[in-house]
Amino acid sequence: MKKIGILGSTGSIGTQTLEVIRTQKDIEVVSLTAGSNIDFLEQQIREFCPRIAAVASEEKARALSLRVSDTSTKIVSGMEGLIEAATEPSAEIIVTAIVGMIGIRPTIAAMEAKKDIALANKETLVTAGHIIMPLARKMGVSILPVDSEHSAIFQSLNGENRERIHKIILTASGGPFRGKTREQMKQIRVEDALKHPNWTMGQKITIDSSTMVNKGLEVMEAKWLFGVSLDQIEVVIQPQSVIHSMVEYEDGAVIAQLGTPDMKLPIQYALYYPDRRYLPGARLDFAALRQITFEAPDLENFKGLALAYEVGRKGGNAPTVFNAANEKAVELFLKRQIGYLDITDLIEECVARIPWRSNPSVEGILDTERETHEYIQAMRLPKGRN
Ligand code: NAD
Ligand code: MG
């Protein structure tokens, strides 16, 4: 039985990973981690009997520990606990379904302990790709993409010579505000931004999808995963979310992966690669679908995507500034402390102001994160527009 650990098991990707495991029945879950939802984590511990489970807060970990004292699961807490769960000796694959840069240290620790990574946590690769990718080669571990677009590209690369990639075409739904101008987006409230047309996901990525910052992060994620330059990555809007992404080769052939929008497919593909197991669920019905349409992305009204290309080209700590500013801005927007357009305005301001540094270490990346958060904190925040 394959043994896996899941960082962020109570979230959208975490619970869908456990659904896949529940259906397939031949994977053993050896570690689980969660931020704060200990009620849900307790249920998961009772169902999957992991050897270890980590919770972010020490206090909640203590409470959980009492509740599951009748089980053999060891409960740990904090970053130390997260790393212990990520490096559980028996784990072969770690699914990084945690959200944000908090994933950097445990992902690196898991790789150093020779675990393969099923990577959903794109923020880690965007900010520390220059450390993660060489480390994967050094340790001989695989990084298997879980993000649907990157899984589609990975599937479109099967049996092909990667040297012959001409470009990668990342598809995007365009989110709920596709076609709107900045003027029309001024009054957007949290409730509006949390409605994605095709996917049900965690709150942060749902906001990121609406601003197109998610696509910007994915452009940088693709650069690291597939070793291409940013000029080789093109974004195209495909509102039905049927084509999950494509690769164009030197001879002009374009290979794509299509399917209904269901994250269980890329999750299952990462867990069983290169096998394709039966996956219950809706299938594409082309006659009912009738058409798939395309548009160019609107880089003026959705400046997060243009900024992502800019920081991706700059490299160094610039992607960290972009990502850390976005994480903070989305948190403030969700707390209704800033308006919707302030999210990308704050990213733009931080990218322009925070000093650039080349080739940051993990410490350097976390310093830039702190610096960016402090910069935002110190600014006189614009009044919330909600
Ligand atoms: P989510 O918010 O639903 O879940 C996040 C998980 O991380 C939860 O288990 C939460 O408890 C845990 N967590 C959050 N903060 C933590 C902290 N400080 N310490 C420890 N644990 C913490 O998020 P999600 O939508 O599942 O996304 C997870 C990652 O996968 C993100 O990087 C996202 O960009 C990526 N992703 C998600 C989807 C999707 O469909 N949801 C698709 C592609 C990529
Ligand atoms: Mg995606």
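This section describes the ligand site, two helices, a buried lysine and some backbone features of a predicted model.

In the predicted model, ligand 1 is surrounded by 22 residues, and the closest of these are T10, S12, G35, E123 and G202. By residue class, the shell around ligand 1 comprises eleven nonpolar, eight polar and three charged residues. Two helices, α1 (residues 12-24) and α6 (residues 122-139), each contribute at least two residues to this shell. Oxygen atoms of ligand 1 are approached by both side-chain and backbone atoms of the protein. A polar side-chain atom of T10 is placed 2.7 Å from an oxygen atom of the ligand. For G11, a backbone N or O atom lies 3.1 Å from an oxygen atom of ligand 1, and for G35 the corresponding distance from a backbone N or O atom is 2.7 Å. On its own, ligand 1 has 830 Å² of accessible area, of which the protein covers 84%.

Helix α1, one of the contributors to the ligand shell, has 13 residues, which at 1.5 Å a residue should span 18 Å; the end C-alpha atoms of α1 are 19 Å apart, in agreement with that expectation. Its buried residues are I13, G14, Q16, T17, L18, V20, I21 and Q24. An α-helix has 3.6 residues a turn, so residues three or four places apart point the same way. The cover over the buried residues of α1 includes strands β1 (2-7), β2 (27-34) and β5 (93-96), together with helices α2 (38-48) and α12. K25 follows α1 and has a positive phi, near 65°.

Helix α6, the other named contributor to the ligand shell, also contains K122. K122 has a relative accessible area of 5% and therefore counts as buried, the limit being under 20%. The side chain of K122 makes a polar contact of 2.8 Å with the side chain of D147. When neighbours within four places in sequence are set aside, the residues in contact with K122 are D147, I205, N214, L217, E218 and E221.

Helix α6 is also among the elements against which the buried residues of α17 pack; the others are α5 (104-112), α15 (318-334) and α16 (340-353). Helix α17 covers residues 362-378, and its 17 residues should span 24 Å at 1.5 Å a residue; the end C-alpha atoms of α17 are 24 Å apart, which agrees. The buried residues of α17 are V362, G364, I365, L366, T368, E369, T372, H373 and I376.

Several backbone features were also identified. The peptide bond joining Y273 and P274 is cis, with omega about 5°. P274 is located in the loop between α12 (264-272) and α13 (286-289). Positive phi values occur at two serines. S241, in the loop between β9 (233-237) and β10 (243-249), has a phi near 50°, a positive value in a residue other than glycine. With a relative accessibility of 7%, S241 counts as buried. S245 is situated in strand β10, and its phi is near 160°, again positive in a residue other than glycine. S245 likewise counts as buried, because its relative accessibility is 0%.

Conventions: Residues numbered from 1 in each chain as written. Chains lettered and ligands numbered in written order. Predicted model: local features only at pLDDT ≥ 70, side-chain atom pairs only at ≥ 80, totals over all residues. Heavy atoms only, no water. Near = heavy atom within 4 Å. Polar contact = N/O pair within 3.5 Å; in protein donor to acceptor, adjacent residues only side chain to side chain. Areas by Shrake-Rupley, 256 points an atom, 1.4 Å probe, with all protein chains shown as cover. Helix = DSSP H or I, 4+ residues; strand = E, 2+ residues; numbered from the N terminus. Nonpolar A, V, L, I, M, F, W, Y, C, P; charged D, E, K, R; others polar. Expected span 1.5 Å × (residues − 1). Buried < 20%, exposed > 50% of the residue type's maximum accessible area, 1.4 Å probe, protein only. Contact = heavy atoms within 4.5 Å.
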